[in-house]
Structure formats: structure tokens, C-alpha cells
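Let's take a walk through this protein and look at how some of its aromatic rings sit together.

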Amino acid sequence: MFDHKYLLLGLSTALVSVALGGDRSWAAEAAADFSANANASLAAESVEFELLASEGAEPVVQVAQTTSVTELSDVQPGDWAYQALRTLIEEYRCLRGYPDNTFRGNQTISRYEFAASLTACLDAIVAIAPEHGSVVNRLEREFEPELIARVETLEARVDDLESNQFSDNTRLFGQVIFGVQGRSSNEADFFPVDGVRDVEDPGDSVNLITNAQLSLLTQLNPRTLLLTGLQVGQGRTAPSLTNNVRLGYEGDTDNIFTLSDLTVRHLISDNFALIIGAEGVNPVNVFRGANRIESAGSGPLSAFAQRNPIISIGGGRGGLGFDWQIANRLSLQGVYTSSGPSDPQGGLFGGDNSDTTFGVQFAASPTDNLDIALHYLNSYSTVGNLRTNVGDTQLTAGDPLQTNAIGATASWQISPNLTLGGWGGYTRSESPDEPGDVETTNWMVFLNFPDLFGEGHLGGIYLGQPPRISSSTLRQGQNIPDLLAGGFGDPGDQPGTTTHLEVFYRYQLTDNISITPGIITIFEPANTPDSETITIGAVRTTLRF
């Protein structure tokens with residue numbers, strides 16, 4: 001397999017070598033030394049749209065307009081192939097970066113793809129410098145067998161796609177997850193929270209969870225995409241005494257297909273995209289994730305470790321959002337969403353049965369190895385529930401709440417094989433026309449180990465505190481910690497602090513199949529210090545297509 005940077009250097013050297021009358025066989029042998037089997041292709045033409053899908057993070061529309069090597073965020077002047085890359089992009093204009101302004105120099109490429117890329121550059125050379133036509137013809141003759149074989153393979157694949165595709169402007173993609181999990185037998189100080197373990201966990205048996213997601217991406221015109229998603233699943237970690245045991249890939253629909261996405265994404269300008277839809281428009285899907293491995297299918301196993309929980313506040317479904325690339329390393333996302341946009345008693349602007357949320361995120365990449373995101377959300381809940389389904393989410397005994405939430409997430413790639421990151425979140429909620437408020441906090445630190453024990457594999461260690469009520473001073477009868485303790489709902493906070501520890505290892509079996517075993521330990525579940533520690537074992541198998 002070729003490394004992309006090796007390909008560029010080899011390509012430039014081959015051109016010089018042949019131009020000087022050298023032996024082409026050296027370039028071919030050097031290429032063969034790097035080549036084995038190919039799994040990825042180099043973009044040989046400009047791509048206007050690319051779907052960047054990550055499970056748990058919605059696809060976004062981006063634009064590739066690479067005309068200078070300086071626009072590639074992962075290529076530095078000190079790279080040994082920098083000059084070769086600069087020549088091919090800026091002078092001959094026969095190579096372009098990916099839509100996210102990266103070159104991905106460590107991605108592999110086959111000998112066939114080398115030949116195709118070489119031809120594109122040779123054509124560019126002839127157009128710019130016709131006097132080198134004889135040299136170009138010599139190189140094209142040398143690679144003619146590879147080019148013919150590549151064209152025949154592509155023609156066969158095109159014929160197959162044309163006979164099986166939905167339409168000429170729609171692409172099908174998705175993933176299927178099978179999870180086997182169980183947790184240790186445990187007793188909890190459930191109710192009242194008085195220091196006595198009085199309830200056994202009712203759901204500690206080993207069970208199977210399945211979750212399939214299918215998406216159709218339709219290009220309505222060169223600047224507009226329609227995303228339609230369906231989800232079907234069965235199995236869950238419930239019944240349980242705490243949501244601390246929830247896993248990220250749960251999606252129980254009782255084996256009935258449900259609509260998970262129905263959004264239109266329109267590129268108003270080269271750096272501003274508008275997102276509107278009846279399903280799938282919320283901060284989770286609009287905000288860009290700072291943790292690059294964020295994914296319930298290929299990242300951490302637990303629900304808590306997916307992302308900063310405040311991003312999930314409101315349980316939004318339909319609404320309006322935008323993604324604005326302010327500068328090369330700065331972006332701003334915004335979203336307004338309702339949890340019941342089609343409910344006549346709720347609707348897009350809220351009501352008796354739906355919550356509304358407005359959120360913005362400022363994302364920055366000061367360097368190639370550092371990602372930072374700052375979050376702000378304002379949400380109204382008719383029943384005093386943040387709808388995050390992680391940690392303390394029900395904050396009142398039924399009174400409505402207006403919530404302001406702030407948080408930050410950062411990820412630092414210390415080396416190609418080690419990433420350090422973390423997040424923190426804070427919420428402050430008030431009941432309209434009532435005194436007092438309720439506050440929650442959460443935090444997480446994590447280590448990711450890309451390519452651990454082999455290319456494509458991933459290890460992770462996550463340690464954090466799920467959302468916890470740190471202060472509740474609402475009117476009597478509405479303060480959850482005291483109600484759980486058997487009191488009258490007087491002001492107070494949680495008696496304990498839950499700590500979440502998760503270790504997982506993703507083994508990439510093939511390009512499309514991964515197996516991820518992991519262990520999760522929950523100390524002081526549900527913020528009750530006298531409840532038994534819970535240990536969860538899980539094995540997740542993911543198929544992507």
C-alpha cells in the first residue's frame with residue numbers, strides 16, 4: 001500500500017527521473033515496495049459535497065476548494081513531501097484535498113489508484129507545458145496495463161451500481177449493531193435514601209441489544225442535500241434503578257422502523273449551511289464534535305461517554321439550524337429545536353407537551369492537534385426534566401423549568417497514538433415566577449489510543465462524573481434530593497457523587513466490521529453513597545456499509 005505522501009514524492013521523482021532519461025523501472029519497483037492491497041482512494045477531482053457520518057453525530061455538508069497547499073490543515077512546511085505536494089496542487093492543479101481541508105497523508109492507496117492519479121497529473125503537465133508531451137507519453141505507456149485493468153474494474157462496478165441503486169442521485173449507507181451486555185448483581189439504597197440497601201437491581205441478566213440505522217442521502221441539486229434516516233432496534237439495559245448503566249447504542253423501537261432523520265441541508269454560501277427538518281435537528285446533530293472518535297457504534301460504549309451531556313438537553317427533534325465556517329480554524333453552529341414539533345399540543349414553539357431548546361457552539365482548532373468547543377444552551381421544560389437520560393435529569397417534582405447551560409469540550413492529540421481530552425458542564429434552572437433554582441454539574445476526562453496494537457484499532461479510558469444536582473433551592477415539595485430521602489422536598493443537594501470509569505478496546509476486524517469489548521464501573525450509583533458499586537461488561541459488534 002502507498003502512503004499518500006510517499007505517492008506524491010514517488011510521483012514527482014518519477015517525473016524528474018524519466019525527464020532526465022532515467023530508468024522508469026526504479027519508480028515502478030519503489031511503488032511496488034509500498035504497494036500491497038488498497039482500501040482507500042485518493043481524490044483525483046474536486047468534490048463539492050462529502051458526507052462525514054459518525055454515529056451519534058449527524059452528517060454535515062462541506063466544500064472542497066483546495067487551491068493552495070497552505071489550506072491543508074494536516075500538511076506542514078516541515079513535511080518531507082511538502083514541496084512535491086505544493087507543486088502538484090498549486091502549479092499543476094491535479095490533486096485536491098478532502099472536503100474537510102485535510103490531505104490524510106497516512107491513508108493508503110493502491111497501485112491502480114497511483115496510476116490513475118499519475119495520469120491526471122500527466123494530463124495537467126501536457127496542458128501547461130506541451131513541450132514535455134513525449135515524456136508524458138512514455139510514462140502513460142509504462143502504466144498502460146494498470147490503467148486498463150483499473151478502468152475495466154471501475155466499469156464493472158459502475159454497471160453493478162447502476163443496476164442496483166435507488167436513483168442516480170441517492171446513496172444508501174448505515175450501520176447495524178449487536179451488543180451483548182450484563183451487569184453485576186447489586187443492591188441500592190433506593191427509596192428512601194437513608195443509608196440502607198433496600199432494593200435489588202431487577203435487570204442484571206445478560207441480554208442482547210440490536211440497533212440498525214439506515215440513511216438515504218439525496219442530492220437535490222449541487223448545493224442541497226436531503227437526509228432521510230430510519231432506525232429499528234430491540235433490547236435495552238432497563239429495568240434498572242439508575243440511568244447510569246445506559247449504553248450508547250441503545251435504541252429500542254420494539255423492532256418497528258421509526259423515522260430518525262428528515263432534514264434538508266442547503267449550502268447558502270461556500271462557508272454557510274442551513275439545516276431544517278421535522279426530525280433529527282438538535283444540538284447533537286448540528287454541533288461539531290470535538291472528540292474525533294465520538295460514536296456509539298465505534299467509540300465508547302456507555303451513553304455518558306458519548307459527549308458532554310448538556311448537548312443533549314431538551315430532547316429536540318425538529319427545527320432549524322446552521323453551520324458557519326467563520327475562518328479556516330473557526331466555526332459557529334446554532335440550532336432551535338422542539339421535542340414535539342408535530343404535536344398539536346406542543347408544536348414547533350412549545351406547549352403543554354413539548355420542550356424547546358436554543359443552542360450555539362463555538363468550535364476552534366488552534367492547531368492541527370487541538371480541538372476546542374464551547375457550548376451554550378437555553379431550554380424550557382414543561383415538567384422539569386432536562387431529557388438528557390444521563391445522571392440527574394429530573395430536577396423537579398413536576399414544575400416547569402427554564403434552564404441555562406454552559407460547557408466546554410477539548411481534545412488534544414499529543415501524538416498519533418495518544419489523545420487527551422475532557423469536558424465540563426454546568427446547568428442552572430429556575431421555575432417561572434417561583435423563587436430558588438437548581439444546579440447540576442458534570443465532567444469527564446479521557447484518553448484515546450488510536451492504532452493500539454495495530455492499525456485501525458482503538459483503545460479508550462474514560463473517567464468522569466455524570467450530571468449531579470449540586471444545589472436545589474426550589475419551593476418546598478419540588479427539591480428532588482430531599483424527596484428521594486423521604487422528606488417533604490426541602491432544599492438540599494445529592495448525598496453522594498457518582499463516578500464513572502470505562503475501559504474499552506475496539507478491534508477493527510475488517511474495514512466495515514469492528515468488535516468492541518469493554519468494562520464500565522459505576523461507583524455510588526445515582527449519587528447514593530451506600531448503594532453497591534455496579535460493574536458492566538459489554539461486547540459490541542458493529543457492521544457499517
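A residue is called buried when its relative accessible area is under 20%, exposed when over 50% and partly exposed in between, using a 1.4 Å probe and protein chains only. Keep in mind that this is a predicted model, where local features need pLDDT of at least 70 and side-chain atom pairs count only at pLDDT 80 or more, while totals for chains, interfaces and linings use all residues. Residues are numbered from 1 along each chain as its sequence is written, and side-chain values use heavy atoms, with hydrogens and water left out.

Start with Tyr462, which is buried at 0% relative accessibility. Its partner is Phe446, also buried, at 2%. These two form a stacked aromatic pair, 4.9 Å centre to centre with 15° between the planes. (Rings of Phe, Tyr and Trp, the last by its six-membered ring, pair if their centres lie within 6.5 Å; planes under 30 degrees apart are stacked, over 60 edge-to-face, the rest tilted.) Phe446 belongs to strand S16 (residues 438-450) and Tyr462 to strand S17 (residues 458-472), so the pair links parts 16 residues apart. Helices (H or I, at least four residues) and strands (E, at least two) are DSSP runs, numbered from the N terminus.

Now for another pair: Phe304 and Trp423 meet edge-to-face, 6.0 Å centre to centre and 85° between the planes. Phe304 sits in the loop between helix H7 (283-286) and strand S10 (318-327), and Trp423 in strand S15 (residues 418-430), so this contact ties together parts 119 residues apart in sequence. Phe304 is buried at 4%, and Trp423 at 6%.

Ring pairs join Phe304, Trp423, Phe446, Tyr462 and Phe504 into a cluster.
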